[in-house]
There are 2 protein chains.
Amino acid sequence: MMKAILVIADGMADVPLKELNNRTPLEAAGKPFLNRMAEAGICGMIDIISPGVPPGSDTAHLALLGYDVMEVYSGRGALEAIGSEIDILPNDMAFRCNFATVDKDSKVIDRRAGRIENEDAAKLASAIQESLRMDPPEVADVLFKSTVQHRAILRLSGPNLSTMVSDTDPHHVGSRVFEALPLDSSPEARETAKLINDLSLRFHEVLKCHPVNTEREKKGLLAANILLFRGVGQLPEIDPLTLLYDIRPATIAAVPLVKGVCKVAGMHLIAVPGATGTYETDVIAKAKAATQALQSYDFVLVHVKATDLASHDANFQRKIEMIEKVDALIGYLMENVNLEVTILAVTADHTTSSITKDHSGEPVPIAILGPNVRTDDIKEFGERACAKGGLGRIKGTDLMPILVNLLGKASKAGS
Amino acid sequence: MMKAILVIADGMADVPLKELNNRTPLEAAGKPFLNRMAEAGICGMIDIISPGVPPGSDTAHLALLGYDVMEVYSGRGALEAIGSEIDILPNDMAFRCNFATVDKDSKVIDRRAGRIENEDAAKLASAIQESLRMDPPEVADVLFKSTVQHRAILRLSGPNLSTMVSDTDPHHVGSRVFEALPLDSSPEARETAKLINDLSLRFHEVLKCHPVNTEREKKGLLAANILLFRGVGQLPEIDPLTLLYDIRPATIAAVPLVKGVCKVAGMHLIAVPGATGTYETDVIAKAKAATQALQSYDFVLVHVKATDLASHDANFQRKIEMIEKVDALIGYLMENVNLEVTILAVTADHTTSSITKDHSGEPVPIAILGPNVRTDDIKEFGERACAKGGLGRIKGTDLMPILVNLLGKASKAGS
């Protein structure tokens with residue numbers, strides 16, 4: 001019985017950097033195990049969405065799990081909510097929120113309120129919940145919850161709501177907080193926009209004089225005096241992987257958005273102590289957990305966030321270190337799983353440019369190692385090396401069918 | 001702020017020719033600058049529409065500008081009309097017309113009336129316009145205008161017209177001029193076909209005894225005694241490039257059809273003295289104009305027609321000369337634009353076979369040079385060399401997203 005582990009290193013692919021003699025961080029990294037995978041397996045490039053299009057982390061994982069993003073993607077909010085262990089029902093809508101700091105003119109000073117600590121955010125969230133309990137809005141049941149640092153979720157449930165409303169998050173420091181606008185002419189969009197603007201104001205009132213913020217200001221910290229709403233979404237209507245591919249799938253991931261996508265795809269989430277989604281994440285703990293998970297599951301996704309963080313910080317040296325951590329994870333897997341009956345695949349969910357610090361539209365490298373794969377002559381796992389690989393240039397949605405085929409579980413089209 | 005120049009050499013790609021020791025004209029040409037671009041950039045192959053499908057010049061340019069041809073293409077006529085500075089409104093329809101020569105049995109002797117000179121064609125067109133003014137058709141407002149040599153445009157405006165009518169152009173010498181037929185059972189198609197047949201006859205009556213033709217026959221020239229109607233079309237409903245990609249686009253092109261496509265895509269047309277669309281075209285003038293245009297625009301398309309003309313004439317030696325002119329154009333750009341902040345891309349809009357003298361379905365080579373592109377190890381710009389390039393095999397509609405991503409202007413799909 002074949003099994004598979006897919007390692008996704010977030011934003012691992014990059015562009016050539018002058019500081020690295022025109023190599024990418026992946027090309028420059030010491031990565032003996034990734035290279036061994038490339039040499040013993042088959043390589044190629046993946047356009048996660050389509051050539052030139054920079055994917056988000058949510059759409060990228062949906063695509064790599066085989067879902068047609070253009071058809072099923074319905075916003076980030078609900079995915080992140082579900083990954084933060086907030087129940088979302090099919091008709092609920094959710095916003096991702098940021099605790100942020102505004103000045104007296106509602107101009108944004110910091111979109112993350114100085115990356116406020118979990119404890120302060122939780123206290124502020126309680127105050128907001130209490131105010132909602134005392135004076136609930138008429139048109140919707142409203143749940144507000146803080147998650148990690150400045151991050152929070154706003155869930156709305158009600159019969160007459162619409163996701164056709166714009167963000168209040170201006171996405172730029174120095175801009176005033178936006179008013180939510182209806183994006184179509186339905187009464188539902190109008191009412192929802194009104195509700196959002198009402199909540200924006202109410203939350204601001206609760207926050208601006210809250211003792212936690214007074215205390216923060218005394219300490220010279222930024223007050224979390226507003227919430228910015230963005231990425232409204234509902235659950236995508238997708239079939240679970242088990243139904244689509246007859247597999248038992250599990251995920252090891254720390255980031256709520258990725259956990260949410262995987263949960264919606266019907267994957268079990270395996271919690272791993274030490275897997276933090278930060279630079280300090282314990283990749284060997286993840287690799288061990290993945291190896292163990294093969295006993296109960298036949299498809300295990302391992303997600304590593306740290307590679308992406310480093311590129312968003314434009315820290316290519318740190319990115320190289322994180323890629324070397326991914327290499328250690330791969331090394332553990334190569335040495336501890338039975339490669340006679342296990343497919344190993346490694347890729348990135350998108351390119352993140354260490355120059356622009358943002359997701360970029362170049363394809364990402366992929367290597368697949370397994371007992372019966374048609375190997376090629378690629379000897380290095382890198383953006384340019386894999387471009388010559390035997391897989392050629394495939395799309396994100398091609399990966400699952402390719403892996404499922406190697407698992408011997410592909411359904412024939414026709415007869 | 002990054003900028004981009006895209007050079008499209010019409011029909012530059014070809015098939016291997018025995019006379020060139022099984023090389024293509026592009027492979028046989030002296031092209032140091034094209035090769036330098038290939039060496040310093042990333043190469044690949046483009047299926048303009050899809051593998052094996054020969055594109056037209058109109059559909060090819062629509063695809064290379066990122067539009068899904070299968071969805072938006074609505075005939076050549078309106079595009080060529082707009083490229084010839086004839087106003088076309090959304091519901092207007094237009095035919096491309098040829099002044100042609102028929103014998104007494106309406107059999108076509110020459111589809112281009114001996115490539116009649118502009119002056120003669122204009123005089124004949126005036127006579128036709130005058131006859132329309134004296135006796136206007138009831139069902140439509142009709143405009144007729146000659147453009148270059150044997151080329152002319154017929155524009156019809158009216159509430160009850162349909163583009164579902166067939167050509168009167170038999171497309172073959174020796175055939176009789178066709179009757180336009182309705183292509184569906186609507187009364188509009190029937191009425192429009194009737195109008196076309198009526199105009200075909202009326203124009204023939206005006207032309208056959210016209211003094212210009214009497215004079216031509218005296219001189220031993222072919223009489224332009226009929227007009228052949230073909231390629232009926234309306235404006236495609238497409239969003240302008242500025243809206244789709246947040247770019248300021250301009251075009252340097254001489255051929256009305258290409259100018260029309262670019263105009264419909266919301267590009268400014270830059271007129272360049274000496275850019276003629278013929279073998280004599282001044283490519284350095286074009287390159288200079290493109291370099292200057294970068295001051296006001298961030299995406300400049302430069303089109304060169306001469307490569308295609310040579311293949312339609314089955315003159316591979318001439319084609320090689322024209323490719324060498326394109327190489328000089330590239331050379332000027334490489335030496336005069338700031339390559340630190342400029343993307344240069346070069347491709348063809350389709351393969352034109354010097355054997356069949358017609359468009360052919362093979363993919364075309366592409367090379368992209370820019371500061372952060374993932375270079376490959378290709379050292380020659382040619383059909384077979386580029387097939388091994390790092391871009392792999394992409395589609396025509398992929399090119400714009402790839403360039404827009406390199407410009408740093410791509411929108412994230414998802415979050």
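Let's start with what lines the largest cavity: nine nonpolar residues, six polar and eight charged. Please keep in mind that this is a predicted model. The space inside that cavity comes to about 260 Å³. There are 23 lining residues, and those closest to the centre are Glu362(A) and Pro363(A) from one chain, with Ile42(B), Arg374(B) and Leu391(B) from the other. Which elements give two or more residues to this lining? They are α14 of chain A, residues 383-386, and α15 of chain B, residues 399-406. The largest share is that of α15(B), with three residues.

How many cavities of 30 Å³ or more does the structure hold? Four. The second largest has about 50 Å³ of space. It is lined by 14 residues, and closest to its centre are Ile48(B), Val53(B), Pro55(B), Gly361(B) and Glu362(B). By class, that lining splits into seven nonpolar, five polar and two charged residues.

Now, a word on how we find such spaces. Rolling a probe the size of a water molecule over the atoms shows where empty space is left.

Next, the largest pocket, with about 1,600 Å³ of space. Of its 47 lining residues, the five closest to the centre are Arg76(A), Arg96(A), Arg112(A), Arg151(A) and Arg230(A). The classes here are nine nonpolar, 19 polar and 19 charged. Several elements of chain A supply at least two lining residues each, among them α5 (77-83), β3 (93-102), β7 (226-233) and α12 (306-312). Which element gives the largest share? That is α10(A), with four residues.

Let me stay with β3(A), since it turns up in that lining. Ten of its ten residues are buried, so β3(A) is largely enclosed by the rest of the structure. In a regular strand the side chains alternate between the two faces of the sheet. Here, Met93(A), Phe95(A), Cys97(A), Phe99(A) and Thr101(A) point one way, while Ala94(A), Arg96(A), Asn98(A), Ala100(A) and Val102(A) point the other way. And yes, Arg96(A) is the residue I listed a moment ago among those closest to the centre of the largest pocket.

What does β3(A) pair with? One partner is β6(A), residues 151-157, antiparallel over six bridges, with Met93(A) opposite Leu156(A). Another is β7(A), also antiparallel over six bridges, and there Ala100(A) stands opposite Ile226(A). Then there is β4(A), residues 108-110, which runs antiparallel to β3(A) and is joined to it by two bridges. In that pairing Thr101(A) faces Asp110(A). β3(A) and β4(A) make a hairpin with five residues between them, and Ser106(A) in the turn has a positive phi of about 65°.

Over in chain B, have a look at β2, residues 42-47. Six of its six residues are buried, so β2(B) is largely enclosed by the rest of the structure. Ile42(B), Gly44(B) and Ile46(B) point one way from the strand, and Cys43(B), Met45(B) and Asp47(B) the other way. You have met Ile42(B) already, as one of the residues closest to the centre of the largest cavity. β2(B) runs antiparallel to β14(B), residues 364-369, with five bridges between them, and Met45(B) sits opposite Pro365(B). With β15(B), residues 392-395, the pairing is parallel over four bridges, and Ile46(B) is opposite Ile394(B).

How do the chains relate? Chain B superposes on chain A after a rotation of 121° with 0.1 Å of shift along the axis, at an RMSD of 0.1 Å. That is the relation of a three-fold axis. Which residue of chain B comes closest to the rotation axis? Gly392(B) does, with its C-alpha at 4.1 Å.

A helix next: α15 of chain A, residues 399-406, where Leu399(A), Met400(A), Leu403(A) and Val404(A) are buried. Looking down the helix axis, these buried residues fall within an arc of 125°, so they line one face of α15(A). The general background is that an α-helix has 3.6 residues a turn, so residues three or four places apart point the same way. After α15(A) comes Gly408(A), with a positive phi near 75°.

Last stop, Thr278(A), in the loop between β9 (268-269) and α11 (283-293) of chain A. Is Thr278(A) buried or partly exposed? Partly exposed, at a relative accessible area of 30%. Thr278(A) is 224 residues from Pro54(A) in sequence, and their C-alpha atoms are 23 Å apart in space.

Notes: Residues are numbered from 1 along each chain as its sequence is written. Chains are lettered from A and ligands numbered from 1 in the order in which they are written. This is a predicted model: local features need pLDDT of at least 70, side-chain atom pairs count only at pLDDT 80 or more; totals for chains, interfaces and linings use all residues. Side-chain values use heavy atoms; hydrogens and water are left out. Buried means under 20% relative accessible area, exposed over 50%, partly exposed in between (1.4 Å probe, protein chains only). The arc is that of the directions from the helix axis to the C-beta atoms. On a 1 Å grid over the protein atoms alone, a cavity is a set of points where a 1.4 Å probe fits but cannot get out, and a pocket is an open set with protein on both sides within 12 Å along at least five of seven lines; lining residues have an atom within 4 Å of a point. Grid points are joined across faces, edges and corners, and a volume is the space filled by probe spheres set on the points. Ala, Val, Leu, Ile, Met, Phe, Trp, Tyr, Cys and Pro count as nonpolar, Asp, Glu, Lys and Arg as charged, and the others, Gly among them, as polar. Copies are superposed by least squares on the C-alpha atoms of residues with pLDDT of at least 70 in both. Two strands pair if DSSP finds at least two bridges between them.
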